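Here's a walk through a two-chain model, from its symmetry down to a handful of individual residues. Have the structure open as you read.

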There are 2 protein chains.
Amino acid sequence: MRRLKLVLEYDGTDFAGFQLQARGERTVQGVLEAALARIPGARPKVTAAGRTDSGVHALAMPVHYDTEDTVPVERVPQALNALLPPDVRVLEAEEVPPDWHARYSARWRRYLYRVLNRRQPTALDRHRVWWVPQPFDFPAIAAAARTLVGEHDFGAFANREKRATVRRLYQAHVEAVGGELHLHFVGSGFVRGQVRAMVGTLVEVGLGRRPPEDVARLLENPERSEGGATAPPQGLYFVAAGYSPWEAGAA
Amino acid sequence: MRRLKLVLEYDGTDFAGFQLQARGERTVQGVLEAALARIPGARPKVTAAGRTDSGVHALAMPVHYDTEDTVPVERVPQALNALLPPDVRVLEAEEVPPDWHARYSARWRRYLYRVLNRRQPTALDRHRVWWVPQPFDFPAIAAAARTLVGEHDFGAFANREKRATVRRLYQAHVEAVGGELHLHFVGSGFVRGQVRAMVGTLVEVGLGRRPPEDVARLLENPERSEGGATAPPQGLYFVAAGYSPWEAGAA
């Protein structure tokens, strides 16, 4: 028996999220476990570093599974890619210790959210960005984003979260890239719906619908009903997870 | 009667190219003319600056049509976008003189070709790039590309072209962008299949399958059978057309 770590890229457009669904909808875990079931010796139960919602993408999602198959690890990406649909690709495979865990061993996760800020919508990136046509107050968004960094109760940004809602956010960085606004977040972990609710709130700040100081207020009085609307899924990317402590300036 | 110029962005993935097809396949011209037919007074016959093949994208394709409709020109993008499918978007509309012609008035066209050069394929950009996993000799590609610039007979790169095959190429520039190779071409006009055949040939140079000097030889003895393979459509983008003389350093 060995434990393998894979790194996956996927296009979330045609998936009902990462996690296996009771109702048999198409999920990333579902197609990956179906591919593994075709490799003799593999035990196709997959665990991921994070769970993405329907329509959310991943640039490099770590997962693990246990297997008794005999495929040399350097051939695993090509072998699995031949069995997977084209909207999921295996980028890397490596053998990890049996106690290594894609989810519990992860020390940080990085997300990117892309907002297209121009007058007209996009054809090419319609499944890749959130289109917001009104002009933004960029300094207001950047100031509000900075107040999110640190250990806080993110309950105002949680969606149907049953766990405690205190998390540590290491980075919340906003940059203008061409006609887009890119929002980068790194945290120890995230509550359900957190990134999309933070983005929805920051965009309301950028459009002048709430003052930047509102964000600090939401962290002090974490009522979900006070937080901003949830940004749509197609602008969100799970970028990476790390298995060493977070250091500013790292990946 | 007025003549309107539109600038279109489209995702070529689900189109059988720009031009109306006799067999009723889905084309950009077809869906645009169907949308125009729903605006009273519009005469839905559209002419484009260039004709793209099936799977080829456009970032800013100029087109024109004549119309007696009364929609204010500043409202035309929004009005048409409400009638068009989401893989075609109108970015701009303006009234032009009645003798202005999207195709015949164009003085230059710009194309971009994206090659993804890494070991593993991509899920997110599978309809946006040509994946070539083997490492490239970048200086060899750049040197070969430079020899394409100027007025030449591009017959070695033509595909079923019935017109003469002499064209002027103003720019052929190769750059490394992240893990991608971006090939930029600006020319007065292009023969059918020229960009994809030039890219196919340059990639063969980059993989060491033919020497960079081969490209000059193909321009001197323009035999299509001697040119490289045609690169696949999904990496090709019609970037823009210009209606003033080309100046190096311009758009």
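Helices (H or I, at least four residues) and strands (E, at least two) are DSSP runs here, numbered from the N terminus. This is a predicted model, so local features need pLDDT of at least 70 and side-chain atom pairs count only at pLDDT 80 or more, while totals for chains, interfaces and linings use all residues. Residues are numbered from 1 along each chain as its sequence is written, chains are lettered from A and ligands numbered from 1 in written order, and side-chain values use heavy atoms, with hydrogens and water left out.

**Y111(A) and the annotations**

Let's start in strand 5 (residues 108-116) of chain A, where Y111(A) is found. UniProt, in an unreviewed entry, puts a "binding site" feature at Y111(A). Its positions follow the numbering used here, feature names are shortened, and annotations may be inferred rather than shown by experiment. Is Y111(A) buried or exposed? With 10% relative accessibility, Y111(A) counts as buried; the cut-offs are under 20% relative accessible area for buried and over 50% for exposed, with partly exposed in between (1.4 Å probe, protein chains only). Setting aside neighbours within four places in sequence, Y111(A) is in contact (heavy atoms within 4.5 Å) with L183(A), H184(A), F185(A), F190(A), V195(A), L236(A), Y237(A), F238(A) and V239(A).

The same database, again from an unreviewed entry, places "domain: Pseudouridine synthase I TruA alpha/beta" at residues 9-105 and 144-243 of chain A. Here's how those two spans look:

| Span of chain A | End C-alpha atoms apart | Helix | Strand |
|---|---|---|---|
| residues 9-105 | 20 Å | 18% | 25% |
| residues 144-243 | 29 Å | 23% | 31% |

**How the chains relate**

Rotate chain A by 180 degrees, with 0.0 Å of shift along the axis, and it superposes on chain B with an RMSD of 0.0 Å. That is the relation of a two-fold axis; the fit is by least squares on C-alpha atoms of residues with pLDDT of at least 70 in both copies. Which residue of chain A comes closest to the rotation axis? D125(A) does, with its C-alpha at 5.3 Å. The same surface serves both copies, as 100% of the contact residues of chain A recur in chain B.

**The cores**

A nonpolar core is a set of buried Ala, Val, Leu, Ile, Met, Phe, Trp, Tyr and Cys residues joined through side-chain atoms within 4.5 Å. The largest one has 70 residues, and L6(A), L8(A), L80(A), L148(A), L183(A) and F185(A) have the most contacts inside it. Helix 4 of chain A gives the most to this core, namely seven residues. Domain 1 (2-96) and domain 2 (108-242) of chain A both give residues to this core, so it lies between them; those bounds come from an automatic or database domain assignment. Beyond four places in sequence, L80(A) is in contact with L6(A), A35(A), L36(A), I39(A), Y65(A) and V90(A). Apart from this core lies another, of 64 residues, including L32(B), A49(B), F157(B) and L218(B).

**Helix 3 and its cover**

Helix 3 (residues 138-146) of chain A has A140(A), I141(A), A142(A), A144(A) and A145(A) buried. Their cover includes strand 8 (166-177), strand 9 (180-187), helix 4 (194-206) and helix 5 (214-220) of chain A. At the N-terminal end, D137(A) caps helix 3 of chain A, with a side-chain oxygen 3.2 Å from the backbone nitrogen of A140(A).

**Some residues worth a click**

H182(A) lies in strand 9 of chain A and is buried, at 12% relative accessible area. Its side chain makes a polar contact with that of E180(A) at 2.8 Å. (A polar contact is a pair of N or O atoms within 3.5 Å; within protein, one must be able to donate a hydrogen and the other to accept it, and residues adjacent in sequence count only if both atoms are side-chain atoms.)

Over in chain B, R167(B) lies in strand 8 (residues 166-177) and is buried, with 13% relative accessible area. A polar atom of the R167(B) side chain lies 2.9 Å from the backbone oxygen of A164(B). R167(B) and G187(B) sit 20 residues apart in sequence and 7.5 Å apart in space, C-alpha to C-alpha.

Finally, R160(A) has a positive phi of about 50 degrees although it is not a glycine. R160(A) lies in the loop between strand 7 (150-153) and strand 8 of chain A and is exposed, with 60% relative accessible area.
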